[in-house]
Amino acid sequence: MNISEKLVADFAANDVGFITTVPCKQLAGVIDAVDAHPAIRHVPANKEDEGMGLCAGAFMGGVRSAIIMQNTAIGVTINTLVTLIQYYRMPLPMLISYRGELREPVACQAEMAVHTKALLAQLNIPTYHFHRTGDADEFDAILKYTFMCNKPVAILTDASFWGGYGE
């Protein structure tokens, strides 16, 4: 089982039945694994805040949900996170590719990396950062935590977690 399949298996083991995704090259493998999993309904979203709205709808319908997205869109999700997800105490695991660190090939990605963790901290969102594939051993416990606490949780996955930028 590869790392993408392991993460999706953990989602399924924690009764996540709905996942929305926004395209990202680093997350392509996990998005494909979500799409292939028979117990998870996958609905791609055009924007991250739209995806959070879809997750809120699933939650209100009694289905555990998650979003898979890139950190560069954290800024556009702040209003949705605060006035919908947090206000109504919705659990929302956010599996996030953390773009903009060392060896990042796209210069504009680096600027949001400077702000990502500070924005999540300002919103009091528990944040975990996966650097190595072994870090994924904590994913199941993180999912259990978010559903127990009824709060969003950010899991940042950098390029080294996914195997690098192809150096």
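At what angle do helix α1 and helix α2 pack, and how far apart are their axes?

1. The model is predicted. In it, helix α1 (residues 3-13) packs against helix α2 (residues 28-36) at an angle of about 45°, and the axes are 8 Å apart. The two helices are therefore oblique to each other. Their crossing is right-handed.

2. The α1 side of this contact consists of S4, E5, L7 and V8, which meet G29, V30, A33 and V34 in α2. By residue class, the contact of α1 with α2 holds five nonpolar, two polar and one charged.

3. A second helix pair is formed by α3 (residues 48-60) and α4 (residues 74-86), which pack at an angle of about 20° with axes 8 Å apart. That angle makes α3 roughly parallel to α4, because angles under 35 degrees count as roughly parallel. The crossing of α3 past α4 is right-handed.

4. Which residues make the contact between α3 and α4? From α3 come E48, D49, M52, G53 and A56, and from α4 come V76, T77, T80, L81, L84 and I85. The contact of α3 with α4 divides into six nonpolar residues, three polar and two charged.

5. Turning to aromatic rings, a search of the whole structure finds four pairs. One of them joins Y87 and Y88: the ring centres are 4.8 Å apart and the planes stand at 85°, so the pair is edge-to-face. The cut-off for edge-to-face is over 60 degrees between planes.

6. Are Y87 and Y88 buried or exposed? Y87 counts as exposed, at 59% relative accessibility. Y88 counts as partly exposed, at 49%. The exposed class begins over 50%, so the two tyrosines fall on either side of that cut-off.

7. F161 and W162 also form an edge-to-face aromatic pair, with 4.8 Å centre to centre and 85° between the planes. F161 is buried, with a relative accessible area of 1%. W162 is buried too, with a relative accessible area of 18%; the buried class covers values under 20%.

8. Which residues do ring pairs link into a cluster? The cluster consists of F130, F161 and W162. Two of its members are thus the buried residues of the preceding point, F161 and W162.

Notes: Residues are numbered from 1 along each chain as its sequence is written. This is a predicted model: local features need pLDDT of at least 70, side-chain atom pairs count only at pLDDT 80 or more; totals for chains, interfaces and linings use all residues. Side-chain values use heavy atoms; hydrogens and water are left out. Axes are lines fitted to C-alpha atoms, for helices over the stretch in contact, and angles run from 0 to 180 degrees between N-to-C directions. Helices (H or I, at least four residues) and strands (E, at least two) are DSSP runs, numbered from the N terminus. Angles under 35 degrees count as roughly parallel, over 145 as roughly antiparallel, 65 to 115 as roughly perpendicular and the rest as oblique. A crossing is left-handed if the near helix is turned anticlockwise from the far one by less than a right angle, and right-handed if clockwise. Contact means heavy atoms within 4.5 Å. Ala, Val, Leu, Ile, Met, Phe, Trp, Tyr, Cys and Pro count as nonpolar, Asp, Glu, Lys and Arg as charged, and the others, Gly among them, as polar. Rings of Phe, Tyr and Trp (its six-membered ring) pair if their centres lie within 6.5 Å; planes under 30 degrees apart count as stacked, over 60 as edge-to-face and the rest as tilted. Buried means under 20% relative accessible area, exposed over 50%, partly exposed in between (1.4 Å probe, protein chains only).
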